[in-house]
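Please load the model in your viewer and keep a selection tool at hand. The stops below are meant to be visited in order, each with something to pick and something to look for.

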Amino acid sequence: MSQDQPRTVIVTGASSGVGLYGAKALADRGCHVIMACRDLPKTEQAAKALGMADGSYTIMKLDLAEFDSVRAFVQNFRESGRQLSTLVCNAAVYMPQLKQPARNSDGYELSVATNHLGHFLLCNLMLEDLQNSTAADKRLVILGTVTANPKEVGGKIPIPAPPDLGNLDGFEAGFKSPVAMIDGKTFKPGKAYKDSKLCNILTMRELHRRFHAGTGITFNSFYPGCVADTPLFRNAPKLFQVIFPLFQKNITKGYVSQELAGDRLAAVAVDPGFNKSGVYWSWGNRQKTGREAFDQEVSDEAMDANKAVRMWELSEQLVGIA
């Protein structure tokens, strides 16, 4: 990649929330952003409304819940001829009010299919693009959440249940109806989200273990703070959507704006101080002006190397790359 060519950064779920503001912050840093989203007109409208300059971004179709869409996205990116510098896995769905599991076309529970399996496939396919890139500093970043990390205060809340993959019995059984949870137990939509995000941390750590030394690619995750008014919560109860931001702003002091969270996404994606691999970056639960990021301790389950290997192997089977 020539010195005057901008870094190319892919951001999934860049049509709203942290992904959109992260795309803007990356463009402001001089990057060319691939905004990978399901709804192309919505993304174009959002980019224009936020003032993203023409030529600073390209919008490409990606539905992470559908693995054919993931493969098509990778092919479309390769046909663009761009050199990939950073892949940011940001997109997520959270559907806490479901009584019965929603499923993708393969029959997999939708939040795990989108948040974990789709990103898992995307990461594996695009490792080739990162390895072949001439960019000097190559990274793969996965967005985390406090609710999937019981080592943090926000991760200790047992509603509806803490993250727990058990023995991966649901994955072992093929993860199709009637199975809807990774641990094979009764469907709980809020826990399904937490479990999918725990898988994100395990994926990052396993990517680091398998590929960092041989490729030089930086693999890390980060938690930007509690973005309590993000569109991620659009499927939560209406009262929750009103009370939760107020609680985070005035009681816990953990609230982070979408703009600040987006800037933190961009920092982890491209700034020099974040090119340490295997790190889960955080700014803590209580926000303070000028606070610097630190390497956040993660849960014992997220550190379980044997579970990471088995999760990886089963995920390969589920997405068809084993």
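Begin by selecting Met35, which counts as buried because its relative accessibility is 0%, in a model that is predicted. Met35 belongs to strand S2, which covers residues 32-37. If neighbours within four places in sequence are set aside, the residues in contact with Met35 are Val11, Ala14, Leu20, Ala23, Thr43, Ala47, Met52, Tyr57, Thr58, Ile59 and Met60. Add Gly13 to the selection and draw a C-alpha to C-alpha distance from Met35: the two are 22 residues apart in sequence, and the distance in space is 7.3 Å.

Tyr57, one of those contacts of Met35, leads to the next stop, since Tyr57 and Asp54 are in contact with Lys48 when neighbours within four places in sequence are left aside. Lys48 sits in helix H2, residues 40-49. Is Lys48 buried or exposed, or does it fall in between? With a relative accessibility of 42%, Lys48 counts as partly exposed, because that class lies between the 20% and 50% cut-offs.

Now zoom out and show the whole protein, in which there are nine helices and eight strands. Of its 322 residues, 56% are buried, and the area that the protein exposes is about 13500 Å², with 51% of it supplied by carbon and sulfur atoms. Among contacts with a separation of 6 or more, 74% are between residues 24 or more positions apart.

Next, select helices H3 (residues 67-80) and H4 (residues 110-132) and display their axes. The axes of H3 and H4 come within 10 Å and cross at roughly 30°, so H3 is roughly parallel to H4, an angle under 35 degrees being counted that way. The crossing of H3 and H4 is right-handed. To see the side chains involved, pick Phe67, Val70, Arg71, Phe73, Val74, Phe77 and Arg78 in H3, together with Ala113, Leu117, Gly118, Leu121, Leu122, Leu125, Met126, Glu128 and Asp129 in H4. Coloured by class, the residues of this contact between H3 and H4 comprise 11 nonpolar, one polar and four charged.

Stay on H4 and select His119, which is found in that helix. His119 has a relative accessible area of 2% and is therefore buried. Beyond neighbours within four places in sequence, His119 is in contact with Thr12, Leu64, Cys89, Asn90, Ala91 and Thr114.

Keep H4 displayed and add helix H6, which spans residues 189-215. The axes of H4 and H6 come within 8 Å and cross at roughly 15°, which means that H4 is roughly parallel to H6. The crossing of H4 and H6 is right-handed. On the H4 side, the residues to pick are Ser111, Val112, Asn115, His116, Phe120, Cys123, Leu127 and Gln131, and on the H6 side Ala192, Tyr193, Ser196, Cys199, Asn200, Thr203, Leu207, Phe211 and Thr215. The contact of H4 with H6 has nine nonpolar and eight polar residues, and no charged ones.

From H6, move to helix H9, residues 305-319; these two helices pack with their axes 9 Å apart, at an angle of about 95°. H6 is therefore roughly perpendicular to H9. Select Cys199, Leu202, Thr203, Glu206, Leu207, Arg209, Arg210 and Phe211 of H6 with Lys307, Ala308, Val309, Met311 and Trp312 of H9, which make the contact. By class, the contact of H6 with H9 has eight nonpolar, one polar and four charged residues.

The last stops concern backbone geometry. As background, most residues other than glycine have a negative phi, and most peptide bonds are trans. Select Leu168, in the loop between strand S5 (139-143) and helix H5, and check its phi, which is positive at about 60° although Leu168 is not a glycine. Leu168 counts as buried because its relative accessibility is 2%.

Then go to the loop between H5 and H6, where Phe175 is found. Phe175 is not a glycine, yet its phi is positive, about 60°; with a relative accessibility of 0%, Phe175 counts as buried. Pro178 also lies in the loop between H5 (169-172) and H6. What kind of peptide bond joins Ser177 and Pro178? Ser177 and Pro178 are joined by a cis peptide bond, with omega about 10°.

Note on methods
Residues are numbered from 1 along each chain as its sequence is written. This is a predicted model: local features need pLDDT of at least 70, side-chain atom pairs count only at pLDDT 80 or more; totals for chains, interfaces and linings use all residues. Side-chain values use heavy atoms; hydrogens and water are left out. Axes are lines fitted to C-alpha atoms, for helices over the stretch in contact, and angles run from 0 to 180 degrees between N-to-C directions. Helices (H or I, at least four residues) and strands (E, at least two) are DSSP runs, numbered from the N terminus. Angles under 35 degrees count as roughly parallel, over 145 as roughly antiparallel, 65 to 115 as roughly perpendicular and the rest as oblique. A crossing is left-handed if the near helix is turned anticlockwise from the far one by less than a right angle, and right-handed if clockwise. Contact means heavy atoms within 4.5 Å. Ala, Val, Leu, Ile, Met, Phe, Trp, Tyr, Cys and Pro count as nonpolar, Asp, Glu, Lys and Arg as charged, and the others, Gly among them, as polar. Buried means under 20% relative accessible area, exposed over 50%, partly exposed in between (1.4 Å probe, protein chains only). Accessible areas come from the Shrake-Rupley method with a 1.4 Å probe; for residues, only the protein chains shown count as cover.
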